[in-house]
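Trainee: I am new to this structure, and I would like to learn how the terms used for it are justified.
Mentor: Then let us look at it together and set each value against its definition.

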Amino acid sequence: MKTAFICFFPVFPTNMGSAEVIRSLFLCWPGKKKLFQISHLKKKINKKNIFSFKIFKEKPILKILIIPFLIYKILKYLGNNEKRLVVIEGPSWIGYSFLSLILIKIFSPSTKVIYHSHSIEFEVRKMTSTKLMALFSKMLENFVFNNSNLSTSVSKIEINKIKKLYNVRCINLKNGVSEKILKFRKKKINFDYIIYSGSYKYLPNKYAIDYLADVLMPRIIKKFPKLKLVLTGGGYEKKKNYIINLGIVSKPKLLNLIFNSKLMVIPIEKGTGTRIKIIEAMLIGAKILTTRKGIEGISFKKNKFPIVLKKQLFYKNIINNLKYNIKIKKIDQFKKNYIMESIVKDFFRNKHVTEFFKTI
């Protein structure tokens, strides 16, 4: 079987959580495979199983114009092989997935398609776009879910939501991280800091970062004047003496920053899907403070995760952690649940997935 992964943003090199999920899934996927991506980044990728269609700027119209050529490349790669599979990666505007699915169905109707959803596009658009755009995206999303040969979702919560919205039963394919990616050099950092990782351009991240930078930190530094807030992910441009803005950093550097932080603080109140940065942080044994929304869809044992239901309580919890250096217990079961190698094995054992692959 030959599998082509199609992504509408750069996965190699990774610069966001969803890209990390795709990279991990791709690394763990069995058989012959190739990843096709649209990338505005200048960095060259010298890997035979990665194809980058370059665009000079990250603009929706450029991606729409490129997609037909990308599909041509994919179908050429799959060739006349009897067993052909395309995995459409979902963390982009649903219109790209819709157009790709239409073109595949027209020019290669026997090719099977898996739609790998990372979140519910309709819910994202309700937060970030006009009502008209949200409804338009809902219509396209309905088509993609109902016309893909198999659809997946990241959690039981989202599976139930998709069933109600589109009357489609998705297969659970959790977000996770490959063990190959979690390797990093543990290098000590000589100052105290809390950390938030996420692009400021994504609205839920913007709200969380603004709350950290403008509300929490001015209060915290009155008690801990040397404490810094480290930001990664890019997009934040304000200058404050207690903020260290590192922008986009390499994966090993990010993991080391998270590991050495006093706390990874995530006062998030909006968003869909599951947050890969929280999963990564837990897998390497970092301390995390988040809202109920932050850990939505993530399974863990009670009393082994620092949950705060309201972000108004974050200040007190952060102060306590800084004062007493509260330790966390190692969570072996969590590692079993969210290592991508295990997730992929469980996915292929699912009886519906087994039946699907018999049809290819």
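The conversation below goes through burial, salt bridges, a polar contact and a helix.

Mentor: Please keep in mind that this is a predicted model, in which local features need pLDDT of at least 70 and side-chain atom pairs count only at pLDDT 80 or more, while totals for chains, interfaces and linings use all residues. Residues are numbered from 1 along each chain as its sequence is written, and side-chain values use heavy atoms, with hydrogens and water left out.

Trainee: Why is Glu280 called buried or exposed?
Mentor: A residue is buried under 20% relative accessible area, exposed over 50% and partly exposed in between, with a 1.4 Å probe and protein chains only. Glu280 has a relative accessible area of 0%, and therefore it is called buried.

Trainee: And what makes Ile61 buried or exposed?
Mentor: Its relative accessible area is 52%, so Ile61 counts as exposed; this residue sits in helix H2, where helices are DSSP runs of H or I with at least four residues, numbered from the N terminus.

Trainee: With which side chain does Glu280 make a polar contact?
Mentor: The partner is the side chain of Lys251, at 2.7 Å. The term asks for a pair of N or O atoms within 3.5 Å, where within protein one must be able to donate a hydrogen and the other to accept it, and residues adjacent in sequence count only if both atoms are side-chain atoms.

Trainee: Why is the pairing of Glu123 and Lys161 called a salt bridge?
Mentor: A salt bridge needs a side-chain nitrogen of Lys or Arg within 4 Å of a carboxyl oxygen of Asp or Glu, and the closest N and O atoms of Glu123 and Lys161 are 3.7 Å apart. The two lie 38 residues apart, with Glu123 in helix H4 and Lys161 in helix H6. Glu123 is buried because its relative accessibility is 17%, whereas Lys161, at 24%, is partly exposed.

Trainee: What separates Glu20 and Arg23 in helix H1?
Mentor: They are three residues apart in helix H1, so about one helical turn lies between them. Their side chains meet in a salt bridge at 3.1 Å, N to O, and both Glu20 and Arg23 are buried.

Trainee: How do you know that the span of helix H3 agrees with what is expected?
Mentor: The expected span is 1.5 Å times one less than the number of residues. Helix H3 has 14 residues and should therefore span 20 Å, and its end C-alpha atoms are 20 Å apart, which agrees.
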